[in-house]
Every structure is written in C-alpha cells, then in structure tokens.
Amino acid sequence: MPVEGRTILMTGGSEGTGLSAARIFARKGANVVIVSRSQAKLDEAIKSIKTEARSPETQRFHAIAADVAEPGYAERVVADAAAWNDGQPPEIVWCLAGLSTPMLWTEEEAMKAARYSMDVNYFGSAEMSRAIMCAWLLPGQGAKQPPTGQSRPAAKHIIFTGSVLSVFSLAGHGTYMPSKFALRALADALAMEERVTALVRKEESHDRRGGVYMGIRQVPGIPNSLTSSFIVHEPMARVA
Ligand SMILES: NC(=O)c1ccc[n+]([C@@H]2O[C@H](COP(=O)([O-])OP(=O)(O)OC[C@H]3O[C@@H](n4cnc5c(N)ncnc54)[C@H](OP(=O)(O)O)[C@@H]3O)[C@@H](O)[C@H]2O)c1
C-alpha cells in the first residue's frame with residue numbers, strides 16, 4: 001500500500017501498535033492523524049512521530065482527542081481531519097483503538113467487559129468506517145476528482161484490526177473474541193457494498209474514473225512483530 005504523500009487517520013495511534021505504525025508511515029512520507037482519548041499521550045506521540053518524518057518540511061501530523069466508544073464520535077473526527085487536510089477526508093483509515101479484558105464468563109464483571117469491548121473494538125471501528133465511507137462516497141461530502149492527467153483517484157483503504165482471536169477461539173476470552181469476529185463480518189459486508197456502489201456509479205455516469213477504488217483489509221494483530229512489510233503485504237480481504 002503506497003503511503004507517500006497520502007493522509008492516514010489512525011484510531012489508537014497514541015501508543016502500542018498504532019504508534020509504531022504511525023512512526024513507520026511518517027518514515028515512508030505519509031501525513032498522519034492520530035486519535036485517542038488522552039491529549040497528553042497524543043501530544044507525546046506526535047512529537048515521536050515527527051522525529052521519523054522523511055520530509056519534515058512538507059509532512060504534517062495532527063492529533064484529535066476522542067473516545068471511540070462514544071456514539072457519533074466518528075463524524076466529528078472525520079470532519080476535523082478533513083478540515084485540517086485542506087478539506088479532503090484522509091484516504092486511508094486504520095481502526096486500531098481496542099482493548100482486551102480476559103476473564104472467565106462466570107466472573108462478576110464479564111457482561112460489563114463484554115459490552116465495553118463491543119463498544120470500543122466493534123462499534124468504535126464500525127462508526128469510523130461508516131463516517132469515512134460517507135465522506136468518500138456520498139456526493140458533496142469530499143469525493144475528490146483526480147488531478148488533471150490522472151485517470152483514477154488514488155485507492156482508499158479502511159483497515160480493521162483483528163486478532164488471532166478473530167479466527168481461533170480460546171477460553172477466558174469470551175469478553176473479547178466476539179468483537180473481533182464481528183469486525184470480520186462487517187468487513188465482508190462493506191467490501192460487498194462498496195463493489196455494488198462502484199458498479200452503480202460506473203453505470204450511472206459511464207464514469208471515466210472507473211468508480212471508487214477501495215480496499216478493506218483485516219489485519220490479524222501481531223503487534224510485537226509489526227513491520228512495514230507486514231503492513232504492505234497483508235493480503236486484501238476484498239478489493240473493489
Ligand atoms: N497487544 C496484543 O497482543 C494484540 C493482539 C491482537 C490484537 N490486538 C489489537 O490491536 C489493537 C492495538 O492493540 P495494542 O495492544 O497496540 O493497544 P494499546 O497499546 O493498549 O493501545 C491502545 C490505543 O488505543 C487507544 N484507545 C483505547 N481505548 C480507546 C477509546 N475508547 N477511544 C479512543 N482510543 C482508545 C489508546 O489510547 P488512550 O488510552 O489514550 O485512549 C491507545 O492509543 C487493538 O485493537 C487490539 O485489540 C492486540
């Protein structure tokens with residue numbers, strides 16, 4: 001996935017996997033917007049991302065404080081990011097904010113933990129994917145014409161963060177696994193919908209741009225081994 005000169009928005013970009021990936025993107029020449037709750041952590045993270053910039057004089061970095069568990073948070077974040085990005089929504093969005101609270105299902109806090117896990121891991125990603133898809137695909141909401149001489153707009157990407165526990169089951173993780181399984185289902189549905197949208201647009205306008213090109217990736221999280229080649233070569237779940 002080429003990132004040089006492109007703008008990437010990452011939820012959960014202030015530490016852990018998100019921060020490591022943001023630093024890699026900066027090294028590769030991307031503009032980066034990070035989103036998480038703590039402004040203090042965001043400020044520190046931006047400093048550390050800036051030190052990696054390939055072209056410090058032109059690359060830009062931005063932080064937005066938001067709680068992804070809050071219903072409706074994503075519209076505000078996408079609008080803020082677009083206003084900062086010369087009126088254009090970011091072309092790549094990676095939903096990383098997430099948490100795991102392993103416990104047995106019979107423990108007292110299990111239902112509370114399971115609900116919160118859905119709020120952050122599933123709905124946090126679901127809301128963001130919907131807000132950015134609306135910004136990309138709905139008329140008048142940021143769909144960008146390709147520059148003169150370029151026949152197609154750059155591909156757009158939504159990336160959901162899965163886990164080994166998106167595909168395997170493990171005792172003690174009933175509070176977490178369903179949120180990651182659910183993301184797989186959503187990714188498949190969105191990839192199908194986007195194919196339909198692209199076809200309809202092509203039919204309607206005999207679109208010279210050939211529709212909107214968007215890939216939706218599911219990244220099995222293996223944070224300790226995250227490298228740039230891992231990001232680039234992760235196979236697409238579906239590409240429209
Ligand atoms: N670590 C693993 O072994 C592992 C394995 C498989 C999958 N994963 C997945 O990989 C992703 C990243 O994991 P990680 O271990 O790198 O996480 P981490 O180090 O705990 O970092 C989590 C990031 O998400 C932010 N965050 C958490 N809750 C949030 C909320 N409600 N709203 C906004 N931001 C929030 C945190 O910042 P604030 O606290 O300041 O908000 C932080 O920037 C998660 O989706 C996780 O499920 C991790």
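**Exercise 1.** Determine in which sense strands β2 and β3 pair, and how the chain gets from one to the other.

*Solution.* Strand β2 (residues 31–36) and strand β3 (residues 61–65) pair in the parallel sense over 5 bridges. Strands are DSSP runs of E with at least two residues, helices are runs of H or I with at least four, and both are numbered from the N terminus. Pairing requires at least two DSSP bridges between the strands. Within this pair, I34 stands opposite A63 in β3. From β2 the chain passes through helix α2 (residues 39–50) to β3, a right-handed β-α-β crossover. Right-handed denotes a clockwise path from the first strand over the helix to the second, with the strands pointing away from the viewer.

The model is predicted; local features need pLDDT of at least 70, side-chain atom pairs count only at pLDDT 80 or more, and totals for chains, interfaces and linings use all residues. Residue numbers start from 1 along each chain as its sequence is written.

**Exercise 2.** Classify Y176 as buried or exposed, and place it in the chain.

*Solution.* Y176 lies in the loop between β5 (156–161) and α5 (177–205). Y176 is buried because 23 other C-beta atoms lie within 10 Å; the cut-offs are 20 or more for buried, 12 or fewer for exposed and partly exposed in between, with C-beta atoms placed from the backbone. Next, take its contacts (C-beta atoms, placed from the backbone, within 7 Å). Not counting residues up to four places away in sequence, Y176 touches S100, T101, P102, S117 and L165. The C-alpha atoms of Y176 and T101 are separated by 6.9 Å, although the two residues are 75 residues apart along the chain.

Definitions and conventions: Two residues are in contact if their C-beta atoms, placed from the backbone, lie within 7 Å.
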